[in-house]
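I set out to record what could be looked up in this single chain. The entries follow in the order in which I made them.

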Amino acid sequence: MKGGKTRAVSKKSESKLGVKMSKKDKKAAKDPNKPKRPPSAFFVFMEDFRKQYKEKHPTNKSVAAVGKAGGDKWKSLSEGEKAPYVAEAEKRKEAYERNMEAYNRKLAGGADDDSDKSKSEVNDEDEEGSGGEEEDDD
């Protein structure tokens, strides 16, 4: 039984050693025009908290310390105190969804609009040209 396991392991290691592809090669390229995902209520809170923390602790450069303090503060907030951040996150989410719909329409319709436009222009020109010839022949 051990022989079967070692063979499977060796096959896996051989396939890994054969062709090396990085994760960057496997992933599709990101579209820079795609809207960014909206922040959660916690991240909306952290935007304000970072400003306050910087004012109180101007010499602290540690990102980890700010994050830890922000997380502790967020946990200690009541639902009522979190409500404005949740509302702001919802607004940003709705705006993101509208932007994504427009982005997806642009992607789906972009190629179709160009091809339909070119087809209609060609058809219009054919109709005008053939119509003009028919009128001249009469």
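**Surface.** I began with the accessible area and found that the chain exposes about 12100 Å². Carbon and sulfur atoms supply 52% of that exposed area. I then looked up burial: of the 138 residues of the chain, 14% count as buried.

**Confidence.** The model is predicted, and I therefore consulted pLDDT, the predictor's confidence in each residue. The chain has a mean pLDDT of 77, with 61% of its residues at 70 or more. I asked where in the chain confidence is lowest and where it is highest. The lowest mean, 53, belongs to helix 1 (residues 2-18), and the highest, 96, to helix 4 (residues 63-76). I also noted residues 112-120, over which pLDDT stays under 50. For this stretch the model has 0 contacts beyond four places in sequence.

**Secondary structure.** I counted 5 helices and 0 strands in the chain. Along the sequence I read the pattern α-α-α-α-α.

**Contacts.** I took the contacts between residues at least 6 apart in sequence and looked up their separation. Of these, 76% join residues at least 24 apart.

**Nonpolar core.** Which residues make up the largest nonpolar core? I listed 11 residues in all: Ala41, Val44, Phe45, Met46, Phe49, Tyr53, Val66, Trp74, Leu77, Tyr85 and Ala89. Helix 3 (41-56), helix 4 and helix 5 (79-137) are the elements that give two or more residues to this core. Helix 3 provides the largest share, 6 residues.

I followed one core member, Tyr85, to its neighbours, leaving aside residues up to four places away in sequence. Tyr85 touches Ala41, Val44, Phe45, Asp48 and Trp74. Ala41, Val44, Phe45 and Trp74 are also listed in the core.

**Largest pocket.** I next asked how much space lies in the largest pocket. The value is about 240 Å³. Its lining comprises 13 residues, and I noted those nearest the centre of the pocket: Arg50, Lys54, Ser62, Val63 and Val66. Helix 3 and helix 4 are the elements that give two or more residues to the lining. The largest share of the lining, 5 residues, comes from helix 3.

**Cross-reference.** I compared the two lists for Val66. This residue belongs to the largest nonpolar core and is among the lining residues nearest the centre of the largest pocket. Helix 3 likewise recurs in my notes, giving the largest share of the core and the largest share of the pocket lining.

Terms used
Residues numbered from 1 in each chain as written. Predicted model: local features only at pLDDT ≥ 70, side-chain atom pairs only at ≥ 80, totals over all residues. Heavy atoms only, no water. pLDDT = per-residue confidence, 0-100. Helix = DSSP H or I, 4+ residues; strand = E, 2+ residues; numbered from the N terminus. Contact = heavy atoms within 4.5 Å. Core = buried A, V, L, I, M, F, W, Y, C linked by side-chain atoms within 4.5 Å. Buried < 20%, exposed > 50% of the residue type's maximum accessible area, 1.4 Å probe, protein only. Areas by Shrake-Rupley, 256 points an atom, 1.4 Å probe, with all protein chains shown as cover. 1 Å grid on protein atoms, 1.4 Å probe; cavity = no way out; pocket = protein on both sides within 12 Å on 5 of 7 lines; lining within 4 Å. Points joined across faces, edges and corners; volume = space filled by probe spheres on them.
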